[in-house]
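Okay, thanks everyone, I'll keep this short. Let me put the structure up so we can walk through it together.

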Amino acid sequence: DRSHPAVEKRSFESTDGTSVDAFFYYPIGYESGKRYPTILWLHGGPASQFDFAFSDTAQLFAANGYAVILPNPRGSVGYGEAFAKGTVAAWGEKDVEDVLAAVDHGIDIGLVDGDRLGVGGWSYGGILTNYVITQTSRCKAASSGASLGLVPANYGHDQYQLMYELEFGLPWENRERWDRLSPFWSVEKISTPTLWMGGDLDWNVPIINSEQMYLAMKRLGRETQLVVYPDEHHGISRPSFVRDRYDRWLEWFDRYLK
């Protein structure tokens, strides 16, 4: 049925030889031998996974001419305890290597146009997006939803105090670790045009993170935009806002990748 994209689950090796899986969506109207603009879409959690369930976001992008990669990097569940603990107190390290390895695999199989690569996600997917764009300039567009910037700014404000203390230690005792985990301190390294999004009532990953990352990029003269959805929490639920977010994703990626 050509109204739905072909989807393949593929395995490949990451930088250190670890086997990683990802789902590769072929765009509607795919022609063999042709490379396509690609969106690397990252899941939340990080203790979550992409699986064989219907993905409205991947379907949206594939229906609009994009190849889509949904990777399960270190930190994902479903691959054993050691794999799931691969990002404990090490956010933005092995998981960045894993998702970029997924892109390289897509290039190797002839699907991905490495010069037209976008990245995005929501919650930890947005956080991982931040780590990607502060560590590489490979992506030509990014959409970071409900993500972290200056991690200590969330201490005492969001809902993760016990998790922070167990995983990172207290911020005043482990300042170097907390700073290393904060994409805000690497904002100067971002050259990727980035769309920041979130709900103004989000107590899970508060909107202050997106506001600060956006303002820093504006101050640096970088291409960026901030969208805040009123009366919305960590997820976007009002139907008109759901549609608006879809439209904004497509407009942003189309602008820089097509």
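I'll go through the empty spaces, then one helix, then some salt bridges. Keep in mind that this is a predicted model.

So, the pocket. The largest one has a volume of about 290 Å³. Of the 17 residues lining that pocket, the ones closest to its centre are Trp41, Thr57, Trp122, Arg245 and Trp249. Strand 3, helix 1 (56–63) and helix 8 (239–257) are the elements that each give two or more residues to the lining, and helix 8 gives the most, with 3 residues. If you're wondering about chemistry, the pocket lining splits into 8 nonpolar, 7 polar and 2 charged residues.

Now for closed spaces. Searching the whole structure turns up 1 cavity of 30 Å³ or more, and that cavity holds about 30 Å³ of space. Its lining is His43, Pro46, Pro73, Arg74, Ser76, Asp95, Tyr124 and Leu128. By type, that's 4 nonpolar, 2 polar and 2 charged.

Two of those names, Tyr124 and Leu128, take us to helix 4, where both are among the buried residues. Helix 4 covers residues 124–135, so to speak end to end, and reaches 16 Å from its first C-alpha to its last, close to the 16 Å expected. How many of its 12 residues are buried? The count is 11, so helix 4 is mostly covered. What does the covering? The list includes strand 3 (36–42), helix 3 (94–108), strand 5 (112–122), strand 6 (141–145) and strand 7 (194–199).

Last topic, salt bridges. The model has 14 of them. Glutamate 81 pairs with lysine 85, with the closest N and O atoms 2.7 Å apart, and both of those residues are exposed.

Over in helix 8 again, glutamate 251 and arginine 255 sit 4 residues apart, about one turn of the helix. Their closest N and O atoms are 2.9 Å apart. Glutamate 251 is partly exposed at 39% relative accessible area, and arginine 255 is partly exposed too, at 41%. There's also a network: shared partners join Asp16, Arg74, Lys94, Glu97 and Asp98 through salt bridges. Arg74, remember, is also one of the residues lining the cavity.

One more pair, aspartate 179 and arginine 175, has its closest N and O atoms 3.6 Å apart. Why can these two reach each other? They are 4 residues apart in helix 6 (residues 175–180), so about one helical turn separates them. Arginine 175 is exposed at 61%, while aspartate 179 is partly exposed at 26%.

Technical notes
Residues are numbered from 1 along each chain as its sequence is written. This is a predicted model: local features need pLDDT of at least 70, side-chain atom pairs count only at pLDDT 80 or more; totals for chains, interfaces and linings use all residues. Side-chain values use heavy atoms; hydrogens and water are left out. On a 1 Å grid over the protein atoms alone, a cavity is a set of points where a 1.4 Å probe fits but cannot get out, and a pocket is an open set with protein on both sides within 12 Å along at least five of seven lines; lining residues have an atom within 4 Å of a point. Grid points are joined across faces, edges and corners, and a volume is the space filled by probe spheres set on the points. Ala, Val, Leu, Ile, Met, Phe, Trp, Tyr, Cys and Pro count as nonpolar, Asp, Glu, Lys and Arg as charged, and the others, Gly among them, as polar. The expected span of a helix is 1.5 Å times one less than its number of residues. Buried means under 20% relative accessible area, exposed over 50%, partly exposed in between (1.4 Å probe, protein chains only). Contact means heavy atoms within 4.5 Å. A salt bridge is a side-chain nitrogen of Lys or Arg within 4 Å of a carboxyl oxygen of Asp or Glu.
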